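Work through the exercises below with the sequence and the structure in view. Try each task before reading its solution.

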Amino acid sequence: MIRDNEKLMAEIGRIAEVAGYLWTRGWAERNGGNISVNITDLMSEEEKELPAICEPYPLLAAMTGLCGHIFYVTGTGKRMRYVAQDPLGNGSIIRIAPDGASFEIIAEQEIPPTSELPSHLMMHNYLRSSGRDNKVVLHTHPTDLIGLTHCKPFLNSETITRLLWSMIPECRIIVPKGIGIVPYEIPGTLALALATIRQLEKHDVVFWEKHGILAVGEDLVECFDTIDTLSKSAQIFFSARMAGYEPEGM
């Protein structure tokens, strides 16, 4: 039934498109990175009531802002290069329970969602509860941006924001809220999720020290473009430094 929904399948196609970009950019080594998209508005009332294909999975905390919502989420251990080829075969469609305390899979196959799902849902829950219509959480591993987070002077939101804004004029327009910084936390932990949520109070893009970057927004392609623009700024900075001089900046 889901495959007959043209609007939904178009969004699934966009997920495949972006997964391919992440792989070809070299930002998704092995099973690195994950994507979650709120697809509730794309589903018919009948599709929203599809039977679960497994027992409910409990959540660490009730997601009261997401009760009944439906998400596409990349699968645990799945490679972005394979998500690009077959997004439904390498991802999961999940429905949050009416009380927000668990989720169930309603896709054709029981593919467990990414291990980062609790973090993603906490971010979606926070954003929706704050009145922000952000349907997408995108996490990936851009080499150049992670490289910057290995340099202590750049582990400051104002410093890294001004640096990347200054490399190309579009950057400040595309990333107007600047960049949040989360000091290193073990991936997949509650501490990482909570620290990220604090940064999302002011920003739409967050750097995870020595790990990667996360962007939220209303559109997956726009989230990718935001990260891509920041990556271009970082490349310009490194190119100037490798040429032997400090870039002047805007």
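**Exercise 1. Decide whether F103 is buried or exposed, then list what it touches.**

Step 1. F103 has a relative accessible area of 5%, so it is buried. Buried means under 20% relative accessible area, exposed means over 50%, and partly exposed lies in between, with a 1.4 Å probe and protein chains only.

Step 2. F103 sits in strand β5, residues 102-105. Helices (H or I, at least four residues) and strands (E, at least two) are DSSP runs, numbered from the N terminus.

Step 3. Leaving out residues up to four places away in sequence, F103 touches P56, Y57, L59, I94, R95, I96, A97, P113 and L117. Contact means heavy atoms within 4.5 Å.

Step 4. I160 is 57 residues from F103 along the chain, and their C-alpha atoms are separated by 37 Å.

Before going on, note how the values were obtained. This is a predicted model, in which local features need pLDDT of at least 70 and side-chain atom pairs count only at pLDDT 80 or more, while totals for chains, interfaces and linings use all residues. Residues are numbered from 1 along each chain as its sequence is written, and side-chain values use heavy atoms, with hydrogens and water left out.

**Exercise 2. Find where H69 lies and which residues it touches.**

Step 1. H69 is in the loop between β2 (57-58) and β3 (70-74).

Step 2. The relative accessible area of H69 is 11%, so H69 is buried.

Step 3. Not counting residues up to four places away in sequence, the contacts of H69 are N38, T40, I94, R95, I96 and R128.

Step 4. K48 is 21 residues from H69 along the chain, and 8.5 Å separates their C-alpha atoms.

**Exercise 3. Describe how α4 and α8 pack.**

Step 1. Helix α4 covers residues 117-129 and helix α8 covers residues 190-200. Their axes are 9 Å apart and meet at an angle of about 30°. Axes are lines fitted to C-alpha atoms, for helices over the stretch in contact, and angles run from 0 to 180 degrees between N-to-C directions.

Step 2. The two helices α4 and α8 are therefore roughly parallel. Angles under 35 degrees count as roughly parallel, over 145 as roughly antiparallel, 65 to 115 as roughly perpendicular and the rest as oblique.

Step 3. The crossing of α4 and α8 is right-handed. A crossing is right-handed if the near helix is turned clockwise from the far one by less than a right angle, and left-handed if anticlockwise.

Step 4. On the α4 side the contact is made by S119, M122, M123 and Y126, and on the α8 side by L190, A193, L194, T196, I197 and L200. These residues divide into eight nonpolar, two polar and no charged. Ala, Val, Leu, Ile, Met, Phe, Trp, Tyr, Cys and Pro count as nonpolar, Asp, Glu, Lys and Arg as charged, and the others, Gly among them, as polar.

Step 5. The buried residues of α8 are L192, A193, A195, T196, I197 and L200. They pack against α4, β7 (179-182), β8 (205-208) and β9 (212-217).

**Exercise 4. Do the same for α1 and α9.**

Step 1. Helix α1 (residues 6-24) packs with α9 at an angle of about 15°, and the axes are 9 Å apart. α1 and α9 are therefore roughly parallel to each other.

Step 2. The crossing of α1 and α9 is left-handed.

Step 3. R14, I15, E17, V18, Y21 and L22 of α1 meet L220, V221 and F224 of α9. This contact has seven nonpolar, no polar and two charged residues.

Step 4. S233 is also found in α9, residues 220-242. S233 is buried, at a relative accessible area of 0%. Among the residues that S233 touches is C171.

**Exercise 5. How many disulfides are there, and why?**

Step 1. A disulfide is a pair of cysteine sulfur atoms within 2.5 Å.

Step 2. The closest cysteine sulfur to that of C54 is in C67, 18 Å away, which is too far for a bond.

Step 3. For C171, the closest cysteine sulfur is in C223, 15 Å away, again too far for a bond.

Step 4. The count is zero disulfides. C54 is buried at 14% relative accessibility, and C171 is buried at 0%.
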